[in-house]
Amino acid sequence: MSAVDITAFPKDFAWGAATAAYQIEGGWNMDGRGPSIWDTFCHEGGRVFGDHTGDVACNSYQLWEEDLKCIQQLDLSHYRLSVSWSRILPDGTTNHINPKGVEYYNKVIDSLIASGVTPMITLWHMDLPQALQDCGGWCSAEIADTFESYASFCFKTFGDRVKLWITLNEPYVCAMLGYEDGIFAPGIKDPGLSVYVAGHNMLRAHAKAWHAYNTHFRPSQGGQVSLALNSDWAEPLTAKDAAATERYKEFTLDWFACPVFCTGDYPESMRSRIENRSLELGYKQGSRLPHFSKDEPSPLGTADFFAVNYYTSRKVKDLSENTELSFVGDQGAEGVIDPSWPICGVHWLAVYPEGLRKLLKYIKDTYTSVPIYITENGFSQMGPVQIEDVDRSQFYEDTLQQVGKAISQDGVNVKGYFAWSLLDNFEWNDGFNVRFGLFHVDFSSSELKRTLYRSVHQRTWRATWQTSHTGKAVHLKLCSL
Ligand code: GBH
């Protein structure tokens, strides 16, 4: 028996699900789409589980109406999707616009709105146009202006109807996995160096896009712009790991949140730690952590809401003896899984719903009272498909209960919750081997049929949604199957 206190959620709470273009759309070379770094990465072979690719994925490019039916079946008030940059600007620049790509997103946006669903659009969810990677990708300083032009094009083209924007999804993950570890596209392995340059240019790009919106589009369109930051909740493994835990937080969430919400610069201790280690390691080519130029718009204040993606938590261990030139060496800390947290599906996803409540409170206490949207949170399945997924249903109940407590007991201003993901999809380097969907997608047949995972959760989800929409004060008691 568990209970989700529905009265905790405000009447206008956003109940949504999220997806990302490369993970669902397919149609990788249809109608004039240019290649992205994920097309290149997958086609190289040896990078992704089973050499899976997003060439077809859920084929949402052609099967959009099926996705819309799924959204309607769940009574979602919001849907978070991303635009494939190279579908509308095949070489990444506004020199070439692909009208078919623009048409696709117009159709999606219009049909969402006609169905009473509010779109939230992410401009970049890992799939950088290959043509821009060929010019250095996120390591090139010019990319910030190129991104600003792309963002402005989207604001101008779709902003009459779209009022919730996310510029970048998870800069931390993209910089770390794409430029430090090389396990995500573009597959660069350059420990302790490129990661900070890529992250810096992402922040510059975001800041420029926010300022462009604020100056040129907000007055007529009245929307809101932010960036989605992922963070695990972190706690010390033992009492002597407290300082390491602080560093761990600084190097993950604070790395991006501090410049935007606190000071306009990286956390002071992150900067001094990287500089001291550069000296110790004999690294002499200037600072590895770049500085924000006074000649550019500051990142400070460039978010109209806080968007957080939360999946899991870590216990943190001190690693200050590490002498490698690497991000983890700089951080001097390592996250490990508490054995009492069940692993659900994919190996890194240790389930700890309380971590979300704690993280929400931390964000409120540390950064800001601006509204918070949980832009991703979810649960995965591996192995044989289980349409009756009792564990997942329990997960959503437990999680929504924690979100409710964050709102009613901790006073956190949470405005919405987006489940990751609407559909089973291309799970990056895990291919189709890991399933996060609320709907199962049958990748073995060409129809790619969508089937709702059946569970008590279906009732939780729909009952929660519907009561929230009607604003009735109902305390839902939900029994597990
Ligand atoms: C989100 O990232 C993404 O935004 C979304 O696209 C994705 O589908 C979803 O998560 C589910 O994964 O052990 O080295 O393999 C969440 C952050 C980044 C956390 C990748 C786990 C795997 C590290 N995730 N990371 S590894």
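This passage looks at the ligand site and at one loop residue in a predicted model.

The ligand sits in the largest pocket. A shell of 15 residues surrounds the ligand, and the closest of these are Gln23, His125, Glu170, Glu427 and Trp428. Sorted by residue type, the shell breaks down into eight nonpolar, four polar and three charged residues.

Now for the polar side of the site. Two of the closest residues, Glu170 and Glu427, show up again here. For Glu427, a polar side-chain atom comes to 2.4 Å from an oxygen atom of the ligand. For Glu170, the corresponding distance from a polar side-chain atom to a ligand oxygen is 2.8 Å. Asn169 joins in as well, with a side-chain N or O atom 3.0 Å from an oxygen atom of the ligand. As for how much of the ligand gets covered, the ligand on its own exposes 590 Å², and the protein buries 83% of that area.

Over to the loop residue. Pro191 belongs to the loop that links helix H8, spanning 171-180, to helix H9, spanning 194-221. Is Pro191 buried or exposed? Neither label quite fits: the relative accessible area of Pro191 is 34%, and since buried means under 20% and exposed means over 50%, Pro191 counts as partly exposed. Relative to Met120, Pro191 is 71 residues away along the sequence, and the two C-alpha atoms are 34 Å apart in space.

Terms used. Residues are numbered from 1 along each chain as its sequence is written. This is a predicted model: local features need pLDDT of at least 70, side-chain atom pairs count only at pLDDT 80 or more; totals for chains, interfaces and linings use all residues. Side-chain values use heavy atoms; hydrogens and water are left out. A residue is near a molecule or strand if one of its heavy atoms lies within 4 Å of it. A polar contact is a pair of N or O atoms within 3.5 Å; within protein, one must be able to donate a hydrogen and the other to accept it, and residues adjacent in sequence count only if both atoms are side-chain atoms. Accessible areas come from the Shrake-Rupley method with a 1.4 Å probe; for residues, only the protein chains shown count as cover. On a 1 Å grid over the protein atoms alone, a cavity is a set of points where a 1.4 Å probe fits but cannot get out, and a pocket is an open set with protein on both sides within 12 Å along at least five of seven lines; lining residues have an atom within 4 Å of a point. A molecule sits in a cavity or pocket if more than half of its atoms lie within 2 Å of its grid points. Ala, Val, Leu, Ile, Met, Phe, Trp, Tyr, Cys and Pro count as nonpolar, Asp, Glu, Lys and Arg as charged, and the others, Gly among them, as polar. Helices (H or I, at least four residues) and strands (E, at least two) are DSSP runs, numbered from the N terminus. Buried means under 20% relative accessible area, exposed over 50%, partly exposed in between (1.4 Å probe, protein chains only).
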